[in-house]
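Welcome! Take a moment to look at the structure shown here before reading on.

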Amino acid sequence: MAFFQVLAFQRLTVWERWFSPVMLALPVLCCLLLPVVGRAGILFDTTNDSYSVLTGYGQSFPGWGMTTQRVETIDLVFRHNHHIFDDLGSGWYRGFHSILMELPIHFVVSPDTSAMIGLNFLAAYTFTASDQWQPYIFAGGGPVYSFADVPGMGAEWNGNYQGGIGLEHPINEAHHLLLELRFHHISNGGSKEPNDPLNSVKALVGFTF
């Protein structure tokens, strides 16, 4: 059992070292490609765009990768869901691709009482085979500024990458219910020491409008 725990720790350490810069570079790459694709008129059609507000709870887990602190947050996320490609696929995997642009505010309630604020660019795919329950997946990241005094975080400016799953359910024509579960990683990428990352799980609920 100890061997597998060490192996899992090493794999997550490598994951943090290589996956973090890739996910932080992905939003930049998307922004560089926007003008190119936009010339075809694809990215500037906002007919199917939506806005939403989500709130929930997050917690980091000491021993998960190189995480050493248990940090608890109450999260508030403002989101713009911009459709890129509609009517993709067929059957159970029919859906649409979109970019989620988010302004998340993480109210830290333990071990400090403060806040972190960020900017996320997430690539998402929503499965639309069902009219009532539409699952979606997403991944991406962006910068995070921390006002919180969390032991092991050596920088105020950090980056985050995350991925998760969600479920969208229509309440009425104007509003949809959103349920989400995310993996969330924050670190400074080795720019300052110490650099103990926060590997967290976040559960969110929200509404579109």
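This report goes through strands, open space and charged pairs in a predicted model.

## Strands side by side

Let us begin with three strands. Strand E1 covers residues 50-60, strand E2 covers 72-88 and strand E3 covers 95-110. E1 and E2 run antiparallel and are paired over 10 bridges. If you would like one contact to look for, find Tyr57, whose bridge partner in E2 is Ile74.

On to E2 and E3, which are also antiparallel and are joined by 14 bridges. One of their contacts places His83 opposite its bridge partner Ser98 in E3. These two strands make a hairpin with six residues between them. In the turn you will find Gly89, with a positive phi of about 70°.

## The largest pocket

Where is the centre of the largest pocket? Of the 23 residues in its lining, Asn48, Ser50, His83, Glu168 and His176 are the closest to that point. The pocket holds about 360 Å³ of space. His83 is thus worth a second look: this residue of the pocket lining is also the bridge partner of Ser98.

Several strands give two or more residues to this lining: E1, E2, E3, E5 (120-127), E6 (134-146) and E8 (176-187). E2 provides the largest share, with four residues. By class, the lining has seven nonpolar, 11 polar and five charged residues.

## Closed spaces inside

General idea first: rolling a probe the size of a water molecule over the atoms shows where empty space is left. In the whole structure, the search finds three cavities of 30 Å³ or more. The largest cavity contains about 60 Å³ of space. Its lining is made of Gly58, Gln59, Ser60, Val71, Thr73, Met116, His184, Ile186, Leu198, Ser200 and Lys202. At least two of these residues come from each of E1, E8 and strand E9 (198-208). Four residues of the lining are nonpolar, six are polar and one is charged.

The second largest cavity has about 50 Å³. Among the residues that line this second cavity are Asp75, Val77, His106, Arg182, His184 and Lys202. E2, E3, E8 and E9 each give two or more residues to the lining. Here the classes are three nonpolar, four polar and three charged. His184 and Lys202 appear in the linings of both cavities.

## Charged pairs and a network

Side chains of opposite charge can pair when their charged atoms come close. How many salt bridges does the structure hold? There are five. In one of them, the side chains of Arg79 and Glu180 meet at 2.5 Å, N to O. Arg79 belongs to strand E2 and Glu180 to strand E8, so this pair ties together parts that lie 101 residues apart in sequence.

Another salt bridge brings together Glu102 and Arg182, at 2.7 Å from N to O. This pair also links distant parts of the chain, with Glu102 in E3 and Arg182 in E8, 80 residues apart. Arg182 meets Glu180 too, in a salt bridge of 3.0 Å, N to O. Through shared partners, the salt bridges join Arg79, Glu102, Glu180 and Arg182 into one network.

Are the members of this network buried or exposed? Arg79 and Glu180 are both buried, and Glu102 and Arg182 are buried as well. The relative accessible area is 4% for Arg182 and 5% for Glu180. Arg182 also brings us back to the closed spaces, as one of the residues lining the second largest cavity.

Note on methods. Residues numbered from 1 in each chain as written. Heavy atoms only, no water. 1 Å grid on protein atoms, 1.4 Å probe; cavity = no way out; pocket = protein on both sides within 12 Å on 5 of 7 lines; lining within 4 Å. Points joined across faces, edges and corners; volume = space filled by probe spheres on them. Nonpolar A, V, L, I, M, F, W, Y, C, P; charged D, E, K, R; others polar. Pairing = 2+ DSSP bridges. Salt bridge = Lys/Arg side-chain N within 4 Å of Asp/Glu carboxyl O. Buried < 20%, exposed > 50% of the residue type's maximum accessible area, 1.4 Å probe, protein only.
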